[in-house]
Amino acid sequence: MKLAQIERLPWLLWLTTLALGAALTVLAVLLYYRMGGQSEANIPLRWTGADVQLIGGQGTVTPAGLEISSIGSQGLVLWMPSRRINAGVYGAFAWNLVGLDSRHPLRLIWRTVEGQVRQATQAMAASAGQMPLRTEPEWQGTVLTMGLFIPGPYPAPITVSGLELRPARLTAGEWWNRLWEEWTTREDWSQGSINFAAGATSRPLGSLTLLIVIWLSLSAGLYAISRLSAVRPLTPGPFLVLFLLGWLLLDMRWQWELVGRTERTVARFADKDETERRLADLDGDIYQFSRDIRQRLPESPARLFIISNDPTGFQAGRVRYHLLPHNGYMGFTQPPDATRAGDYVLLMAPLPGVRYDRQKQALEWRDGRLPVEERYAAALGTLFQVRGD
Amino acid sequence: MMAGWQVALALGIPWLAGTLWVRALWRKSLAGGWPLAWGYGYFLGLLAAILLLRIQAMIGWPLDWAEPTLILAFLGLVGGGLAWRRGGFTFHSLDKVRGGFTFHSLDKEGWRVAPGWFERGLFILLLIWLGWRLILLAQEVWLRPLYPWDAWTTWGVRARVWSELRELVPFVSPEQWLADASGSAYTLHAWQYPDAVSLLALWPTLAFGGWNESIAHLPWLGAAPALGLGFYGQARLWGAAPLTALIFVWLLLSLPMLNTHVALAGYADLWLAAVFGLAVGALLQWARTGDRWQGVLALLLALACPWLKREGLIWALLLIPAATVVWTPRRYWPWLGGGVLLTLILWWVSGGIVFTVAGWGEVWLTPEVMQLPGLGRFEWHYHAVGEPVARNLLILGNWHLLGYLLLIALLWGLPKIFAEPWRLAGMLVTGSGLFMLFALFFLTDAYLWAVQYTSINRVFLHFAPALLFWALTVFQEGQKPVVSST
């Protein structure tokens, strides 16, 4: 079919420019990644000692890095700042910890976007080096936070000089596999979903939205050029249909995503009563614990102080919610002075700063003491009632 | 079974009452009149129900769903009677209006005039697609226990306590709670948040007879189709053909963030988005036609915004500049613009203003600091968050192509903004809303919400329905409302 004939059939011209636009988009994407364009894949992620959060120890930020004076018997964890990482894009982790010897092998750990903590199968017995990640079976999906576990005890100081996540060198086929995996992965709802509904990853290798915009823009441009070069008027219709087609394609993917999420929801919660649904929910263990606690509380709402090492965290908040309408609040890391006889105190484990003295029947912490009677103890926490004396 | 019927009455009667009253506002049967009435009626009816609950508590009566429902049923009868007398219960048929962005007018060359069956077929397919979407969301709402963070730390906590105690017990600050000897007050970290959303969750559980999360979530499920109906009605009143109007409804109800806030029910953002969006729709109609009832709808919904979320007050105030240009004769626009500019210059040169509002607190509006009681204190510093903002709005899968649609609408509509008052009003609402978002994320500590991918999309959600309706007005020439031919 000649070009002139195509031009006389605007719908055919439209389809032709649509196909050409798609081809150009695919070509552009391939060239972009192969030529090392600015993207997630080609930029290493680097952290200095000042960026990391120390758990289980104390450190001082110096020009050389984070200086840790010593490590206790329980070891310590260095957590890097939260940042959604597409695991498939990164192939190696490098570290430089001055002062660490090979008797204390490090272990790389990470928290997934689903909230699960994973660790590398191999430990790293050196103060500096690089370990491959692509051989780690659990290194996949979207990683939320990365960390390093350093076992203790270690009496000598160490300095966290630098940490780096290095991109993998992928072939064109591997890139395509990563993209396809990203486009076809369905996530379940998470606590972050209410803030963004990004689909497979919040740092996409190949954003479908952007790719469709590029495709539609190229197609629209080609169509406009063809029409104008044939001295034919441009009307909004074909461009409108292009736009709606793009929206429809994205919406079809989102619908497919929603279907997957709903299927998981139905599988998890259908044909269950309210209690069974809560037990099947992501905090089923916390809910069961709360039920056990509720049995030790009076029928009428009681004042309840929920003490934890993370007062604004998930666990304390969920316990408080599950124990409603008991009049609880979880904003405490130690028992406040305002407790009265008859109030209840729930210590969420672990809480190393507060201990229960069974002989004296009192809670004790650095600046205080509270006479209590133990009512219930479980792995997640212990319930006490404040005594009158 | 009985509880189910009670819940149906508790949700249905306010909806019906609101619908009949909104429908009664217009004497003639207008294209889009009934969908508009159903849409606006849902939000106005439920807001009226929880207002009656509040009054009930203030009087000292025990918390009960039956009395407010009976009052609303009576009001519904009155509204129904009024609607009957003024316009009769006529229903405008779907396919009588032409013009604007129908497939008939897309292109006279090659794109042949589409037969009516094509448009009808597409209309039905879209309805089926939207219906499927709503069914998926309904399953989430019904089956999933209370899930999102702020719902089980704030909005749902109050609702559950009130539901279980059958009393609107006060929520005070943690310090006051600690000092409270009676033990009757409760506390929350966000104890100062407005209570409308918690009351909306409470309302159906009162009819149910006890706290039940699935029942408490039902108002969120209804909000989606109600928003769609209200949007559709306003689009038809604007002059859009049925298919065009439904396409825009699809664009709205297909937004992933909006769907998420329905599925993970319990947050306030969906309510503010819907109420503010419908207020803007009504405002633009009033600006175009001078229809005072549209003005009344805009005013009522704007007044409800601060009751839903604290920032609702600021969003509602954004409507004032738009209303001002509509009231101001065109010949005075240069004076109005000049006056605003002069005020800004004087404000800058003088270092801003600080004043106290009795019963509210100290207000700071200076080039260094903005402080509004109840909202917080914001120090102005520039933060380069263009990348995460652009990423969230244009690249990630949060909004489909809405960001690009708005860019095109801005370019398309900017040359014509002085052509008619309603165009300038629409651009003012849009421009001031986008400016507020810019100021919030680029100039205050709220930039962290963008960097950490937290509230940025939720705040943008508040504006999404309004911006989409404005985009419709840019592309769709406003027409005189068509009276029903029946």
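A residue counts as buried when its relative accessible area is under 20%, as exposed when that area is over 50%, and as partly exposed in between. Gln361(A) has a relative accessible area of 30%, so Gln361(A) is partly exposed. This is a predicted model, and Gln361(A) makes a handy way into it. The residue sits in the loop between S16 and strand S17 (362-365) of chain A. Its backbone is a bit of an oddity: phi is positive, about 55°, although Gln361(A) is not a glycine.

Chain B offers a similar case. Arg166(B) also has a positive phi, near 55°, and is a residue other than glycine. Its place is the loop between helix H5 (149-165) and strand S1 (171-172) of chain B. With a relative accessibility of 30%, Arg166(B) counts as partly exposed.

Two cis peptide bonds turn up next in this tour of chain A loops. One joins Gly152(A) to Pro153(A), with omega at about 0°. Pro153(A) belongs to the loop between strand S11 (142-150) and S12 of chain A. Another links Ala349(A) and Pro350(A), and here omega is about -5°. Pro350(A) is located in the loop that runs between S15 and S16 of chain A.

Now for the strands. As a bit of background, strands of a sheet pair through backbone hydrogen bonds, either parallel or antiparallel. Strand S1 (residues 45-48) of chain A shows a neat alternation of side chains. Leu45(A) and Trp47(A) point to one face and are buried, while Arg46(A) and Thr48(A) point to the other face and are not buried. S1(A) pairs with strand S12 (residues 158-167) of chain A in the antiparallel sense, over 4 bridges. Within this pair, Leu163(A) in S12(A) stands opposite Trp47(A).

Gly162(A) is also part of strand S12 of chain A. Setting aside neighbours within four places in sequence, Gly162(A) is in contact with Trp47(A), Ala94(A), Trp95(A) and Asn96(A). What about Val259(A)? Gly162(A) and Val259(A) are 97 residues apart in sequence, and their C-alpha atoms are 43 Å apart in space.

Further along chain A, 7 strands come together in an open sheet with mixed pairing. Their order across the sheet is S14-S13-S15-S19-S18-S17-S16. Strand S14 (327-332) and strand S16 (355-357) are the edge strands, and each pairs on one side only. From one strand to the next, the twist averages 35°. Inside the sheet, strand S13 (residues 303-307) and strand S15 (residues 344-348) of chain A pair in the parallel sense, with 4 bridges between them. One bridge pairs Ile307(A) with Leu347(A) in S15(A). Helix H8 (residues 314-322) of chain A packs on the sheet, where it touches S13, S14 and S15 of chain A. The direction of this helix makes about 170° with that of S14(A).

The two chains also meet through helices. Helix H5 (residues 236-269) of chain A packs with helix H9 (residues 242-253) of chain B at an angle of about 40°, and their axes are 11 Å apart. H5(A) and H9(B) are therefore oblique to each other. The crossing in which H5(A) passes H9(B) is left-handed. On the H5(A) side, Leu244(A), Trp247(A), Leu248(A) and Asp251(A) meet Ile247(B), Trp250(B) and Leu251(B) of H9(B). Sorted by class, the residues of this contact are 6 nonpolar, no polar and 1 charged.

H9(B) has a partner within chain B, too. It packs with helix H20 (residues 456-475) of chain B at an angle of about 155°, with the axes 10 Å apart. The helices H9(B) and H20(B) are therefore roughly antiparallel to each other, and their crossing is right-handed. Phe248(B), Leu251(B) and Leu252(B) of H9(B) make the contact with Pro465(B), Leu468(B), Ala471(B) and Leu472(B) of H20(B). This contact of H9(B) with H20(B) has 7 nonpolar residues, and no polar or charged ones.

A last stop is Ser214(B), in helix H8 (residues 213-238) of chain B. Its relative accessibility is 5%, so Ser214(B) counts as buried. Not counting residues up to four places away in sequence, Ser214(B) touches Arg277(A), Val141(B) and Trp142(B).

Notes:
Residues are numbered from 1 along each chain as its sequence is written. Chains are lettered from A and ligands numbered from 1 in the order in which they are written. This is a predicted model: local features need pLDDT of at least 70, side-chain atom pairs count only at pLDDT 80 or more; totals for chains, interfaces and linings use all residues. Side-chain values use heavy atoms; hydrogens and water are left out. Buried means under 20% relative accessible area, exposed over 50%, partly exposed in between (1.4 Å probe, protein chains only). Two strands pair if DSSP finds at least two bridges between them. Axes are lines fitted to C-alpha atoms, for helices over the stretch in contact, and angles run from 0 to 180 degrees between N-to-C directions. Contact means heavy atoms within 4.5 Å. Angles under 35 degrees count as roughly parallel, over 145 as roughly antiparallel, 65 to 115 as roughly perpendicular and the rest as oblique. A crossing is left-handed if the near helix is turned anticlockwise from the far one by less than a right angle, and right-handed if clockwise. Ala, Val, Leu, Ile, Met, Phe, Trp, Tyr, Cys and Pro count as nonpolar, Asp, Glu, Lys and Arg as charged, and the others, Gly among them, as polar.
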